[in-house]
Amino acid sequence: MIGLLGTVPFVGLLTQAQTRDAARQFKDIPSRERIRQRYFPNLVLTTHDGEKVRFYDDLVKDKIVIFNFMYAKCEGICMPVTMNLVKVQKLLGDRVGRDIFMYSLTLKPEEDTANKLASYAHMHKVGPGWKFLTGSPADLELLRRKLGYVDPDPEVDKDKSNHIGVIKYGNEPLQRWGGCPAMSKAPWIVKTLSWVDWPRDKEMPNSKGARS
């Protein structure tokens, strides 16, 4: 019999009753909470405006979100991706900052201070509802891996530029998640977001991201 953690050595450490209780407790955890525990650590980050925020509580919970990774001093695809996402933001209009929120997380937090990210956002004329985020290198590395920006080849994974070309998006309360190439045409990206959007017969969240 395989133990609770999938390895034989744990068999002798748990009685059958304990194993059943543990399995029952896991089943009792709502799927939304399981997703939160697995993918959205509630780390403290700093926005390009210098505000301290909690990743899950302040940025993700009850919202439709768009994620991408970038870094300010980038001679590759970072700038074209940002310019493309500016087009996406314009197409989404005032929904950005109201019920859709955009987040760009730096791959080089040791270089990208809040001030540098603010200059980058200003240079690209980024509008409200889109935050550029930095924090400790360990926390940003954890988020990169939690959000799935990882290559199975360790050598390829070391190259930060390999984690820039994809955006990921989702509706946290509805548990709908997806992704697409970041350089897809802006109207097509907006169209793909409709897959995770609020049902037409439901109220959209208020400006704080919670249900009205």
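Two strands pair if DSSP finds at least two bridges between them. One such bridge can be picked out by residue: I66 has Y169 in strand 6 as its bridge partner. The model that holds this bridge is predicted.

Start with the whole chain. The chain has eight helices and seven strands. Of its 212 residues, 39% are buried. Now take the contacts with a separation of 6 or more. Residues 24 or more positions apart account for 67% of them. The accessible surface of the chain is about 12000 Å². Carbon and sulfur atoms hold 56% of that surface.

Next, the sheet. Seven strands form an open sheet in the order 2-1-5-4-3-6-7, and the pairing is mixed. Strand 2 (52-54) and strand 7 (176-181) are the edges. Each has a single partner strand, so one side of each is left without a neighbour in the sheet. On average, neighbouring strands are turned by 30° against each other, direction ignored.

Begin at the strand 2 edge. Strand 1, residues 44-47, runs antiparallel to strand 2, and three bridges join the two. Here T46 stands opposite K52 of strand 2.

Now move to the other end of the order. Strand 3 and strand 6 are antiparallel, with four bridges between them. The I66 bridge to Y169 in strand 6 was the opening example. Strand 6 also runs antiparallel to strand 7, joined by six bridges. Across this pairing, K168 faces G179 in strand 7. The link is a hairpin: four residues lie between strand 6 and strand 7. In the turn, Q175 has a positive phi of about 60°.

A helix packs over these strands. Helix 4, residues 78-92, lies across strand 3 (64-70), strand 4 (100-106), strand 5 (130-134) and strand 6 (166-171). The helix runs at about 145° to strand 5.

Helix 4 also leads to the surface. M83 is found in this helix. Is M83 buried, exposed or partly exposed? Its relative accessible area is 47%, and buried means under 20% while exposed means over 50%, so M83 is partly exposed. M83 joins M79 and M123 in a nonpolar surface patch of about 300 Å². Why can M83 count towards such a patch? Patch residues need over 30% relative accessible area, and M83, at 47%, therefore passes that cut-off.

Technical notes:
Residues numbered from 1 in each chain as written. Predicted model: local features only at pLDDT ≥ 70, side-chain atom pairs only at ≥ 80, totals over all residues. Heavy atoms only, no water. Axes fitted to C-alpha atoms, helices over the stretch in contact; angles between N-to-C directions. Contact = heavy atoms within 4.5 Å. Buried < 20%, exposed > 50% of the residue type's maximum accessible area, 1.4 Å probe, protein only. Areas by Shrake-Rupley, 256 points an atom, 1.4 Å probe, with all protein chains shown as cover. Patch = residues over 30% accessible without salt bridge, like charges linked within 9 Å, V, L, I, M, F, W, Y side chains within 5 Å. Salt bridge = Lys/Arg side-chain N within 4 Å of Asp/Glu carboxyl O.
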